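Biologist: I have the sequence and the coordinates open and would like to go through them residue by residue. Can we start with the side chains and then turn to the fold?

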Amino acid sequence: MATKSADKDKEAETTKPAFEYTDEMIQKAADLIAKQGYVTRKDIPEMKDLDWAYGLGEKVDKYFNNKNAGRYIYHEDFDFAGGDIADIIFDMDQVKTRNDALKKLGEVLGDKIINGHLDEIEHDITN
């Protein structure tokens, strides 16, 4: 039988932090994605917080869905040499693959891609 304290601990683990996203912030991200195909922390500094960036990705996806824009919005975290972890929110019609998104994010941030290719990173992790 579960105890009340165990239930509270379980509830705390599943609760995500609540973030505020202004309409202006969502619109700025949507405009950048429409124009350049992606948005990063260079465009919106709050994206340095990975959880915040994830939530923004969800909001932008919902924004485009509500507009019936037909965009496939994807959010991805990538690790770079030196330990930097960064996010990119992108439109897969403009940035065609996760590997393209990795390269674009590395280029924009000036970060070095580990081993040069996403497939090599995944291979190293899974093998």
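Biologist: With which residue does glutamate 107 form a salt bridge?

Modeller: This is a predicted model, in which local features need pLDDT of at least 70, side-chain atom pairs count only at pLDDT 80 or more, and totals for chains, interfaces and linings use all residues. Residues are numbered from 1 along each chain as its sequence is written, and side-chain values use heavy atoms, with hydrogens and water left out. A salt bridge here is a side-chain nitrogen of Lys or Arg within 4 Å of a carboxyl oxygen of Asp or Glu. The closest N and O atoms are 3.2 Å apart, and the partner of glutamate 107 is lysine 104.

Biologist: Why are glutamate 107 and lysine 104 separated by about one helical turn?

Modeller: Helices are DSSP runs of H or I with at least four residues, strands are runs of E with at least two, and both are numbered from the N terminus. Glutamate 107 and lysine 104 are both in helix α4. They are separated by about one helical turn because their spacing in that helix is 3 residues.

Biologist: Is glutamate 107 buried or exposed?

Modeller: Buried means under 20% relative accessible area, exposed over 50%, and partly exposed in between (1.4 Å probe, protein chains only). Lysine 104 has 25% and counts as partly exposed. Glutamate 107 has 58% relative accessibility, so it counts as exposed.

Biologist: How many salt bridges are there by this rule?

Modeller: Side chains of opposite charge can pair when their charged atoms come close. Counted by the rule above, the salt bridges come to 4.

Biologist: Which residue meets arginine 71 in a salt bridge?

Modeller: The N to O distance of this salt bridge is 2.7 Å, and the partner is aspartate 91. The pair links distant parts of the chain, 20 residues apart: arginine 71 is in the loop between α3 and β2, and the other end is in strand β3 (residues 85-91). Arginine 71 is partly exposed at 25%. The partner with 1% relative accessibility, which counts as buried, is aspartate 91.

Biologist: Which residue meets arginine 98 in a salt bridge?

Modeller: The side chains come to 2.9 Å, N to O, and the partner is glutamate 76. This pair also links distant parts of the chain, 22 residues apart, from helix α4 (residues 98-109) to strand β2. Arginine 98 counts as partly exposed at 27%. The buried partner, with a relative accessible area of 12%, is glutamate 76.

Biologist: Which side chain does histidine 75 join in a polar contact?

Modeller: A polar contact is a pair of N or O atoms within 3.5 Å; within protein, one must be able to donate a hydrogen and the other to accept it, and residues adjacent in sequence count only if both atoms are side-chain atoms. Histidine 75 lies in strand β2 and counts as buried at 18%. The contact is 2.7 Å, and the other side chain is that of aspartate 87.

Biologist: How far is the backbone nitrogen of lysine 42 from a polar atom of the side chain of threonine 40?

Modeller: Threonine 40 is found in the loop between β1 (38-39) and α3 (50-66). Its relative accessible area is 0%, so threonine 40 is buried. The distance from its side-chain polar atom to the backbone nitrogen of lysine 42 is 3.1 Å.

Biologist: How far apart in space are leucine 56 and isoleucine 89, C-alpha to C-alpha?

Modeller: Leucine 56 lies in helix α3 and is buried, with a relative accessible area of 0%. Along the sequence, leucine 56 and isoleucine 89 are 33 residues apart, whereas in space the separation is 8.5 Å.

Biologist: What is the phi of asparagine 68?

Modeller: Asparagine 68 lies in the loop between α3 and β2 and counts as exposed at 70%. Although asparagine 68 is not a glycine, its phi is positive, at about 50 degrees.

Biologist: What pattern does the chain follow along the sequence?

Modeller: The chain has 5 helices and 3 strands. Of its 127 residues, 33% count as buried. Read along the sequence, the pattern is α-α-β-α-β-β-α-α.
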